Amino acid sequence: MFRIQEIQSQKVTFLSLRGSAAGEDEAMTHRGLMGKIPENILNEIQDKCDIVEVISGYVSLRPSGRNFKACCPFHHEKTPSFIVSPDKQIYHCFGCNSGGNVFNFIKEHEKIDFIEAVKMLAEKTGVKLPEYRSYDDQEASIVSAVYTVNDIAANYYSGFLVGGGLKPSPTLPECYIAKRGLDESIIKKFRIGYADSSWKALLDYLTVRGIKQDTILKAGLIIKGKENSYYDLFRNRIIFPIFDVRNRIIGFGARVMDDSMPKYINSPETAVYKKGQHLYGLNFAKADIKERNFAIITEGYLDVITCHQYGVNNAIASLGTALTTEQIRLLKRYTHNVVMLYDADKAGEMASLRGLDLLLEEDINVKIATLEKDHDPDSFLRKFGRENFDQAIKKSKSLFTYKLDILKDKFNSTEPESKAETIEEMLTTINRVRNAIVKAEYIKLLAQELSVKEDAIWDELKKVKTRLERRTTTDERRNIGKSIDISPAEKILARLMLEDVNIVKIVKGELKPSDFKNQDIRNIAEALFSIDIEEGLIDVCKLINSMEDKVPQNIISFIVNEEVNIKDREKNVSDCIMTIKKENRNMLLKDIQNRLHVAQKSGYEEEEKRLVEEFNQLMKRGL
Ligand SMILES: [Zn+2]
């Protein structure tokens with residue numbers, strides 16, 4: 001009895017080792033996901049928009065043969081490896097392997113989900129989407145529920161300040177706002193509100209309106225207390241809704257009105273709010289940022305709001321201490337120029353300056369402006385007005401100059417050691433500068449400022465470089481994990497199948513999707529084997545729609561775009577099928593051998609006999 005059980009369990013392991021069971025489940029999920037928007041609707045939208053035109057709205061494309069080329073918007077590069085094919089209506093980057101059809105591009109670029117990307121393009125092309133709320137898609141419904149709850153909550157909070165039908169509450173928040181000199185229109189625009197000091201006011205308000213406790217919890221508006229009771233997260237605070245670029249409320253920031261701590265609390269991460277991915281005020285500022293071609297980055301909610309009240313409409317805030325790469329990339333859609341506006345008391349902090357090196361790495365031109373002592377943008381604007389504020393912005397210094405000035409102050413010496421220290425600190429910044437000319441100019445300047453030979457600085461730069469490179473290779477390697485690793489036989493076969501339906505027919509007769517070792521190729525085979533072969537043509541662009549998962553899309557575009565001409569297709573196909581079969585048989589044989597080894601060691605004679613038999617059968621059967 002024991003032995004049979006063991007053999008059975010081994011079989012199970014054996015099956016999952018080959019991955020076919022898992023692979024089929026995966027394919028089922030893909031089919032399941034597809035239920036959301038009917039394929040014919042997706043096709044209709046695609047037919048009505050040209051991928052070249054859509055991508056041109058974001059990236060400037062240059063013609064290159066039958067295709068278009070550009071520097072990839074998804075990773076940093078100097079020579080273009082991002083290709084858009086008007087024939088196939090797909091794009092692919094050979095640098096970072098992102099690729100797909102027009103929906104994938106919008107999804108990636110706008111950082112929205114697939115459904116939202118479809119919606120956006122549907123709107124653009126005038127295609128009417130069916131009501132798909134009835135389809136079972138938990139995540140999408142949670143996301144939209146959270147947006148809705150946030151919106152209702154924002155209305156509730158703002159009701160205390162602008163009298164949206166609710167009884168005006170304590171005068172304290174009104175006093176606070178009045179002291180800040182914010183006018184009614186700006187309060188309304190930013191939907192500023194107030195949460196009173198009761199523990200359940202919002203929870204009760206939302207519950208009465210039929211919103212489930214679970215949804216409110218998922219929106220991060222309540223916290224679990226003792227014995228399964230819940231209470232409001234924000235109490236006795238001024239509330240600042242946080243918007244995404246599309247004006248939806250993704251979370252809240254809340255500030256105390258006195259000096260108690262913590263001064264600010266924010267929404268926790270939710271289905272729609274991820275820390276470090278948004279910039280406060282960007283929804284209001286983006287048009288102005290684009291027009292004036294620079295953004296002013298301040299530190300807090302009130303700085304942004306006051307700036308906008310004074311007509312400084314390109315002000316945003318980072319919603320945290322340091323800018324993240326995601327935030328920088330988001331901003332880069334609108335400008336490559338940034339003025340960091342620092343409070344005077346923080347201006348000299350080397351640590352916060354070091355954080356700005358990241359901007360240089362992303363090819364952003366960084367300047368730093370400081371305000372008079374004891375002032376933040378909010379207090380400065382209210383005291384000195386717009387004109388003086390503009391002057392301060394005009395007087396901003398490049399990160400290089402700014403940092404050097406601070407270092408010169410700090411060391412204030414002509415000693416060689418101080419010079420070396422200053423140069424070392426400056427080089428970590430210069431090293432990040434992408435533009436070779438700018439870099440050379442900075443080194444020249446640095447040499448002049450410190451009366452050091454330029455060559456010596458170049459030598460030091462090399463040292464800094466190797467030191468930093470050693471430190472970052474491991475990080476980068478993690479990213480490169482995205483690159484595609486498939487056996488040549490599987491790759492060639494997938495390519496040929498995508499190009500020719502007749503080959504799909506041949507392969508289908510010889511192999512099962514589970515015969516492919518690479519999970520993504522397996523998904524592609526699954527999709528190809530299920531298409532209507534009689535139609536005669538494979539539309540890669542549309543095939544992508546039937547597989548929502550990202551990686552196979554990348555592989556499809558990679559395979560189709562790779563400029564390799566495969567000669568003698570028939571022979572190649574049979575060779576590849578052979579190779580795959582051989583590889584699989586070898587894998588099976590190896591697996592049997594391993595189990596045989598275990599059986600022999602443990603003295604399971606019957607099992608040993610059975611495995612030897614299995615091994616021989618497999619050898620006899622041929623391929
Ligand atoms: Zn790329």
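**Angles, contacts and burial in a predicted model**

Modeller: Helices H19 and H20 are roughly antiparallel to each other. Bear in mind that the model is predicted.

Colleague: Why are H19 and H20 called roughly antiparallel?

Modeller: H19 covers residues 416-430 and H20 covers residues 436-450, and the two pack at an angle of about 165°. Angles over 145 degrees count as roughly antiparallel. The angle of about 165° is over 145, so the pair is roughly antiparallel. The axes are 11 Å apart, and the crossing is right-handed.

Colleague: Which residues make the contact between H19 and H20?

Modeller: From H19 come Lys419, Thr422, Ile423, Met426 and Ile430. H20 contributes Lys439, Tyr442, Ile443, Leu446 and Leu450. By class, the residues of this contact are seven nonpolar, one polar and two charged.

Colleague: What makes Thr422 polar, Lys419 and Lys439 charged, and the others nonpolar?

Modeller: Lys is on the charged list, Ile, Met, Tyr and Leu are on the nonpolar list, and Thr is on neither, so Thr counts as polar.

Colleague: Now H13 and H17. Why are these two helices called roughly parallel?

Modeller: H13 (residues 301-309) and H17 (residues 377-394) pack at an angle of about 30°. The cut-off for roughly parallel is under 35 degrees. An angle of about 30° meets that cut-off, and H13 and H17 are therefore roughly parallel to each other. Their axes lie 10 Å apart.

Colleague: Which residues of H13 and of H17 make the contact?

Modeller: On H13 they are Leu302, Asp303, Thr306 and Cys307. On H17 they are Pro377, Asp378, Leu381, Arg382 and Phe389. The contact of H13 with H17 divides into five nonpolar, one polar and three charged residues. The crossing of H13 and H17 is right-handed.

Colleague: Let us turn to single residues. How do you know whether Gln46 is buried or exposed?

Modeller: Gln46 has a relative accessible area of 6%. Buried means under 20%, so Gln46 is buried. Gln46 is found in helix H3, residues 39-48.

Colleague: What does Gln46 touch, leaving out residues up to four places away in sequence?

Modeller: Gln46 touches Asn101, Val102, Phe103, Cys541, Lys542 and Asn545. The C-alpha atoms of Gln46 and Ala122 are separated by 9.0 Å, with their positions 76 residues apart along the chain.

Colleague: Why is Lys508 called partly exposed?

Modeller: The relative accessibility of Lys508 is 41%. Partly exposed is the range between under 20% for buried and over 50% for exposed. The value of 41% falls in that range, so Lys508 counts as partly exposed. Lys508 lies in helix H23, residues 501-510. From Lys508 to Ser530 is 22 residues in sequence and 9.8 Å in space, C-alpha to C-alpha.

Colleague: What makes Thr579 partly exposed?

Modeller: Its relative accessible area is 33%, which is neither under 20% nor over 50%. Thr579 is therefore partly exposed. Thr579 lies in helix H27, residues 569-602. Thr579 and Ala489 are 90 residues apart along the chain, while their C-alpha atoms are separated by 6.7 Å.

Colleague: How many helices and strands are there in the protein chain, and what share of its residues is buried?

Modeller: The protein chain has 28 helices and 16 strands. Buried residues make up 47% of its 623 residues. Of the contacts between residues at least 6 apart in sequence, 67% join residues at least 24 apart. The accessible surface comes to about 32,200 Å², and carbon and sulfur atoms account for 50% of that surface.

Notes:
Residues are numbered from 1 along each chain as its sequence is written. This is a predicted model: local features need pLDDT of at least 70, side-chain atom pairs count only at pLDDT 80 or more; totals for chains, interfaces and linings use all residues. Side-chain values use heavy atoms; hydrogens and water are left out. Axes are lines fitted to C-alpha atoms, for helices over the stretch in contact, and angles run from 0 to 180 degrees between N-to-C directions. Helices (H or I, at least four residues) and strands (E, at least two) are DSSP runs, numbered from the N terminus. Angles under 35 degrees count as roughly parallel, over 145 as roughly antiparallel, 65 to 115 as roughly perpendicular and the rest as oblique. A crossing is left-handed if the near helix is turned anticlockwise from the far one by less than a right angle, and right-handed if clockwise. Contact means heavy atoms within 4.5 Å. Buried means under 20% relative accessible area, exposed over 50%, partly exposed in between (1.4 Å probe, protein chains only). Accessible areas come from the Shrake-Rupley method with a 1.4 Å probe; for residues, only the protein chains shown count as cover.
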